[in-house]
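Hello,

Here is the structure I promised to pass on. Please have a look at it first, and then read on for what turned up.

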Amino acid sequence: MTTCRITVSAKKILTLLLVLMAGGLSGCKGGAIPGLRTPDLALSTPAPLPWPGQLFPPGAGRAPPGVPVVPHANYTLDAGDRVRIIVFGQQNLSNVYTVSASGTVAVPLIGQVRARGLTADGLARQVASRLRSQYIKDPKVTAEVITYRPFYILGQVTRPGQYPFAQGLTVENAVAIAEGYTPRAKQRFVRLTRKFDGVMSTVMVPTDYPVQPGDTIYVLQRVF
């Protein structure tokens, strides 16, 4: 009788350990986004996107599911953004500038100024510093984003391509802009790629997920 009880107890302990190990493995598989199975490609990226409602990395905005996200003061500039720079008292310098593919804006007198990775306020300080060191004793400079860089939607949509970003855009809106899904499209989740601090990160997200400027959305093809 004693031997039987020990054997049963050992079996229970072994079963419990197997359950815990299985839970841990499944947690690793879906670790990039809680509650969502994520492909290995997404799990291997250094900066997985957060689940809607959790805090976003700097520059990504923040919003719960389905609530429009508005880029805020921490939004960082990159190629394709259009910025209005105003230098008070200097009309020839005040203008709208487009961030080039090399991540700079060409400002008269001071030439190419780095914009990539800076906020609008950071760019204003950069321009002011360059002007102060060469031409103007105490320049007053402001900068604001007037047009955000486009987003891209590819895969199983009617018209894949590049589209202008609009505030409050979600994946579902982006699909509508691309004239809807093809008959072979997966419609519950899409693959989304976004750059954080110069590093590209790719994850699977639901269709109410907020889109940011420069995002690439890929609508996958269903198997059946």
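Let me begin at the surface, where Tyr152, Leu154 and Tyr218 make a nonpolar patch of about 230 Å². Patches here are built from residues with over 30% relative accessible area and no salt bridge, joining nonpolar side chains (Val, Leu, Ile, Met, Phe, Trp, Tyr) within 5 Å and like charges within 9 Å. A salt bridge is a side-chain nitrogen of Lys or Arg within 4 Å of a carboxyl oxygen of Asp or Glu. Areas come from the Shrake-Rupley method with a 1.4 Å probe, and for residues only the protein chains shown count as cover. Leu154 belongs to strand β6 and is partly exposed, with a relative accessible area of 34%. On that scale, buried is under 20%, exposed is over 50%, and partly exposed lies in between (1.4 Å probe, protein chains only).

Tyr218 has another role to mention: Arg191 lies over the face of its ring, 4.6 Å from the ring centre. The criterion is NZ of Lys or CZ of Arg within 6 Å of the ring centre and within 35 degrees of the ring normal.

A word on provenance. This is a predicted model, so to speak of local features pLDDT must be at least 70, side-chain atom pairs count only at pLDDT 80 or more, and totals for chains, interfaces and linings use all residues. Residues are numbered from 1 along each chain as its sequence is written, and side-chain values use heavy atoms, leaving out hydrogens and water.Overall, the protein has four helices and 10 strands, running α-α-β-β-β-β-α-β-β-β-α-β-β-β from the N terminus on. These are DSSP runs numbered from the N terminus: helices are H or I with at least four residues, strands E with at least two. Of the 224 residues, 40% are buried. The protein exposes about 12,700 Å², with 58% of it supplied by carbon and sulfur atoms.

Now for the rings: the structure holds three aromatic pairs. Rings of Phe, Tyr and Trp (its six-membered ring) pair if their centres lie within 6.5 Å, with planes under 30 degrees apart called stacked, over 60 edge-to-face and the rest tilted. One of the pairs is Tyr75 with Tyr148, edge-to-face at 4.9 Å centre to centre and 85 degrees between the planes. It links distant parts of the chain, 73 residues apart: Tyr75 is in the loop between α2 (40-43) and β1 (82-87), and Tyr148 in the loop between β5 (141-147) and β6 (151-155). Tyr148 also pairs edge-to-face with Phe165, at 5.7 Å centre to centre and 75 degrees between the planes. Ring pairs thus link Tyr75, Tyr148 and Phe165 into a cluster. Tyr75 is buried at 5% relative accessible area, Tyr148 is buried at 15% and Phe165 is buried at 10%.

One backbone detail to finish: Leu109 has a positive phi of about 75 degrees although it is not a glycine. Leu109 is in the loop between β3 (104-107) and β4 (111-114).

Best wishes
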